[in-house]
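Visitor: I'd like to learn how to read a structure like this one. Could you take me through some features one at a time?

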Amino acid sequence: MRALLSVWDKSGIVDFARRLQKCGIELVSTGGTKAAIEAAGIPVVAVSDVTGFPEILEGRVKTLHPRIHGGLLARRDLPTHMSEIASHQIEPIDLVVSNLYPFSQVVARPETTLLDALENIDIGGPSMIRAAAKNFPAIVVVVEPADYEHLAEQIERTGLDGISQQQRRELAAKAYAHVSAYDAVVAEYLRDDDTFPDQISIAGEKVTELRYGENPHQRASLYRQLSPAGAQGVASWTILGGKAMSYLNYLDADAAQNAANSFASPAIAIVKHASPCGIATAIELEEAYEAALASDPVSAFGGILAANRTIDARTAERIAQHYFEVVVAPGYTDEAQARLGRRKNLRLIVAPDGQRRPGRSLRQLNGAFLVQDIDTGEPENAVWTVATQRAPSPEERAALEFAWTCVRHVTSNAIVLAAGSATVGIGGGQPNRVDAVRIAVERAGQRVTGSALASDAYFPFADNIEVAAAAGIRAIIQPGGSVRDAEVIEAADRAGIAMIFTGTRHFRH
């Protein structure tokens, strides 16, 4: 029996090699892996001794040789294959242990050059892994150090031949996934970010299994997306305390963080079922929290709270007086962490990546998926125009701008009512826009008078304006573009409402 070992991640490789050697398996290895095994006093054969050819091109060519790949690809059930490799003095390889150069870690460093990146694209490793996995009925291929222990135990009990065909197949699938994920990150690095390519691959790595999905009968796991930029977004979070996160916790926490990070000023966003129920900014984070909570305290119960600033002791004290499932922030003072940590089961998350980066979003369909640019706000060519006879006052315009930033985070049809820099009523997720207006007005209560209204899409009928006017709303911002814009503008003028057209829609589904 012969094993070929060539790994970048050397975690556990020396102990695994020692146990293989004690089971009578001959070890063949290359470069740093061979040096590590030899340093531990374990007998190992150099690949160059097997091939009869030295490593060349600074190690670029080591295992790419017929004496290696013949031993990997020969089918044991075909006498012609076995006699052919025997005629060339090629010995079969029965076990391959390999993992690849750390391409994603290297290219995530800001100082990495293109030449550095190209030098960290593994060639021999993927070729070796693919060849072994293709011939899995005869070869065991291992790419994860986490598999060493249980495989070593089984080989010690039953020998290498005791590894079942099902186990070999599962390991081969893992091997192809390992290479596929690696290639996907390389392709993403080389690709122009502005293109929507004809073919894309998405690489992910499991972080943890979740208790269940949206409902208890659905399985779920969290995966981090492997990327040349390294860990971003949810993948960069640190959970400081509380019980395990659920599928819905992650969805809502991501939505809350995105909303809070839309503002430069200290901001708080409270989200329930992936849509905000309160957003506010203020000079002090504590003030922003109080205003966001006041927007809809009933819906905020059991919600997810995100801040775009380090949470201080005073803000933490106020947060701790209410029931939230998760708190997300770029950091916590020691006092704040201690205070919030006393809340049973409250998850505290450190989300260090700040402003949301431009990029792409994916949504899975049945047998397909949709890809689009992330809605990060107004396009560069956006032009706002006052559509009504009355222009908004400076105070009204500031409230409109705040509401317009908020509304793209609300599920369509979306209506946001704002007073100053705080929401006072939100209506979203409705199949018609006038119902969304009514819901927002109802939630605002007495605070609706004099508030500013933002709509994520145009008003198709004047009835929306009539409901807003009757409630005492004084300013509106919306994209415009309806065939009935003239009727809508006329209704606003009759009510003395100032209205801005943005020319930009912000649907969110």
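Visitor: Let's start with a helix: which residues of α11 are buried?

Guide: One thing to know before we begin: this is a predicted model. A residue counts as buried when its relative accessible area is under 20%. In α11 the buried ones are Asn-249, Tyr-250, Asp-252, Ala-253, Ala-255, Ala-256, Gln-257, Asn-258, Ala-259 and Ala-260. That makes 10 of the 14 residues, so α11 is largely enclosed by the rest of the structure.

Visitor: And how far apart are the end C-alpha atoms of helix α11?

Guide: The idea is to work out an expected span at 1.5 Å a residue and check it against the model. For α11, residues 247-260, the expected span is 20 Å, and the end C-alpha atoms are 20 Å apart, which agrees.

Visitor: What sits just ahead of α11, in the loop between β8 and α11?

Guide: Ser-246 lies in that loop, with β8 covering 238-241. Its relative accessible area is 13%, so Ser-246 is buried. You can also compare distance along the chain with distance in space: Ser-246 and Trp-384 are 138 residues apart in sequence, and their C-alpha atoms are separated by 41 Å.

Visitor: On to pockets. How much space lies in the second largest pocket?

Guide: With a pocket, look at the volume, then at what lines it. The second largest pocket holds about 960 Å³ of space. It is lined by 33 residues, and Glu-144, His-178, Ala-181, Glu-205 and Leu-226 are the closest to its centre.

Visitor: Which element gives the most to the lining of the second largest pocket?

Guide: That's α10, with seven residues. At least two residues each come from α6 (103-107), α10 (165-190), β6 (204-209) and β7 (221-225). By type, the lining of this second largest pocket divides into 17 nonpolar, 10 polar and six charged residues.

Visitor: I always check cysteines. How many disulfides does a search of the whole structure find?

Guide: For a disulfide, two cysteine sulfur atoms must lie within 2.5 Å. The search finds zero here. Take Cys-406: the nearest cysteine sulfur belongs to Cys-277 and is 12 Å away. Cys-406 is buried, at 1% relative accessible area, whereas Cys-23 counts as partly exposed at 33%.

Visitor: What does the side chain of His-506 make a polar contact with?

Guide: For polar contacts, look for N or O atoms within 3.5 Å of each other. The His-506 side chain contacts that of Glu-378 at 2.7 Å. His-506 is in the segment after β21 (498-501), and at 1% relative accessibility it counts as buried. Another case is Glu-396, in helix α16 (residues 394-407). Its side chain makes a polar contact with the side chain of Arg-390 at 3.0 Å, and Glu-396 is buried too, at 15%.

Visitor: Now the backbone. Which residues does a cis peptide bond join?

Guide: Check omega for this one. The cis bond joins Ser-412 and Asn-413, with omega about -10 degrees. Asn-413 is in the loop between α16 and β17 (415-419).

Visitor: And what is the phi of His-273?

Guide: Look for positive phi values in residues other than glycine. His-273 has one near 55 degrees; it is in the loop between β9 (267-272) and β10 (275-281) and counts as exposed, at 64% relative accessibility. Asn-345 has a positive phi of about 70 degrees. Its place is the loop between α15 (334-341) and β13 (347-350), and at 36% Asn-345 counts as partly exposed.

Notes: Residues numbered from 1 in each chain as written. Predicted model: local features only at pLDDT ≥ 70, side-chain atom pairs only at ≥ 80, totals over all residues. Heavy atoms only, no water. Helix = DSSP H or I, 4+ residues; strand = E, 2+ residues; numbered from the N terminus. Expected span 1.5 Å × (residues − 1). Buried < 20%, exposed > 50% of the residue type's maximum accessible area, 1.4 Å probe, protein only. 1 Å grid on protein atoms, 1.4 Å probe; cavity = no way out; pocket = protein on both sides within 12 Å on 5 of 7 lines; lining within 4 Å. Points joined across faces, edges and corners; volume = space filled by probe spheres on them. Nonpolar A, V, L, I, M, F, W, Y, C, P; charged D, E, K, R; others polar. Polar contact = N/O pair within 3.5 Å; in protein donor to acceptor, adjacent residues only side chain to side chain.
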